[in-house]
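Thanks for making the time this morning. I would like to walk you through one model, beginning with a single residue and working outwards from there, so please have the sequence and the structure open in front of you.

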Amino acid sequence: MRKNFGAKTWVYPMPVLMVGTYDENGNPNVMNAAWGGVYDTDQVMVCLSHDHKTTENIKKTGAFTLSFATKDTVIPCDYVGIVSANDLPDKFARAGFHAEKGTYVNAPLIKELPMALECKLLKFNEDGICIGEIINVSAEESILDERGVIDAGKLNPISYDGVTHAYRVLGEKVGQAFSDGKQLK
């Protein structure tokens, strides 16, 4: 028998996206955004309220990076989600993060987060949806497999569990997409 919970934003997995920006003085900033994902073939979306320093930065620079929080970076990634750069301008450094300039957009790559999407702002919807075009995806060699592609097992991305307000590591490989179902043809 099923139990009904009503309308909830319980979606699995919910990526823990780290949105990186530069402010008007070139200072790096990052925030934790649990509501975001793929918008279109080469586009991503993130829900950002108007009062975030990150929102202001994206509107000024037209660029941002999306990195994935990992098992090894839970504490600093959670920290930058519970403090605001509006109140604590040096939260990036306090988290222990180090920035290097993005190769393709005016936004920081975070050295401690091994995978990032460099994005150009396409638009902000009136309801706070930030839509960006993916210009480049980069990854540290340490998370690549023998074929030279990203290995999720080495990345160890975390997801947000909205039911228990916990972070969880994504699990083991259990099948091959667009292939295993052919057994039923």
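Let me begin with Thr-65, which has a relative accessible area of 0% and is therefore buried; please keep in mind, here and throughout, that this is a predicted model. Thr-65 belongs to strand β6, which covers residues 63-68. What does the side chain of Thr-65 reach at 2.7 Å? The partner is the backbone oxygen of Pro-108. Leaving aside residues up to four places away in sequence, Thr-65 also touches Met-18, Val-19 and Gly-20, then Ala-107, Pro-108 and Leu-109, and finally Leu-117 and Glu-118.

Two of those neighbours lead us to the largest nonpolar core, which has 17 residues, and in which Val-19 and Leu-117, together with Leu-48, Phe-64 and Leu-66, touch the most other members. The elements that contribute two or more residues to this core are β2 (17-22), β3 (28-33), β5 (43-47), β6 and β9 (115-124). If we look at Leu-117 in its own right, and again set aside residues up to four places away in sequence, its contacts include Val-44, Phe-64, Leu-66 and Phe-68, as well as Ile-134 and Val-137. There is also a second core, separate from this one, with 15 residues, among them Val-16, Ile-110, Leu-113 and Ile-158.

Let me turn now to a sheet. Three strands form an open sheet in the order β1-β11-β12, and their pairing is antiparallel. Because β1 (14-15) and β12 (166-169) each have a single partner strand, they stand at the edges, and one side of each is left without a neighbour in the sheet. Strand β11, residues 158-161, pairs with β12 over four bridges, and Tyr-160 stands opposite Tyr-167 of β12.

Finally, some backbone geometry that I would ask you to look at. As a rule, residues other than glycine mostly have a negative phi, and peptide bonds are mostly trans. In the segment before β1 we find Pro-13, and the peptide bond joining Tyr-12 and Pro-13 is cis, with omega at about -20°. Asn-156, in the loop between α4 (152-155) and β11, has a positive phi, near 55°, and is partly exposed, at 26% relative accessibility. Phe-178, which lies in the segment after β12, also has a positive phi, of about 60°. Is Phe-178 buried or exposed? With a relative accessible area of 82%, Phe-178 is exposed.

Conventions:
Residues are numbered from 1 along each chain as its sequence is written. This is a predicted model: local features need pLDDT of at least 70, side-chain atom pairs count only at pLDDT 80 or more; totals for chains, interfaces and linings use all residues. Side-chain values use heavy atoms; hydrogens and water are left out. Two strands pair if DSSP finds at least two bridges between them. Buried means under 20% relative accessible area, exposed over 50%, partly exposed in between (1.4 Å probe, protein chains only). A polar contact is a pair of N or O atoms within 3.5 Å; within protein, one must be able to donate a hydrogen and the other to accept it, and residues adjacent in sequence count only if both atoms are side-chain atoms. Contact means heavy atoms within 4.5 Å. A nonpolar core is a set of buried Ala, Val, Leu, Ile, Met, Phe, Trp, Tyr and Cys residues joined through side-chain atoms within 4.5 Å.
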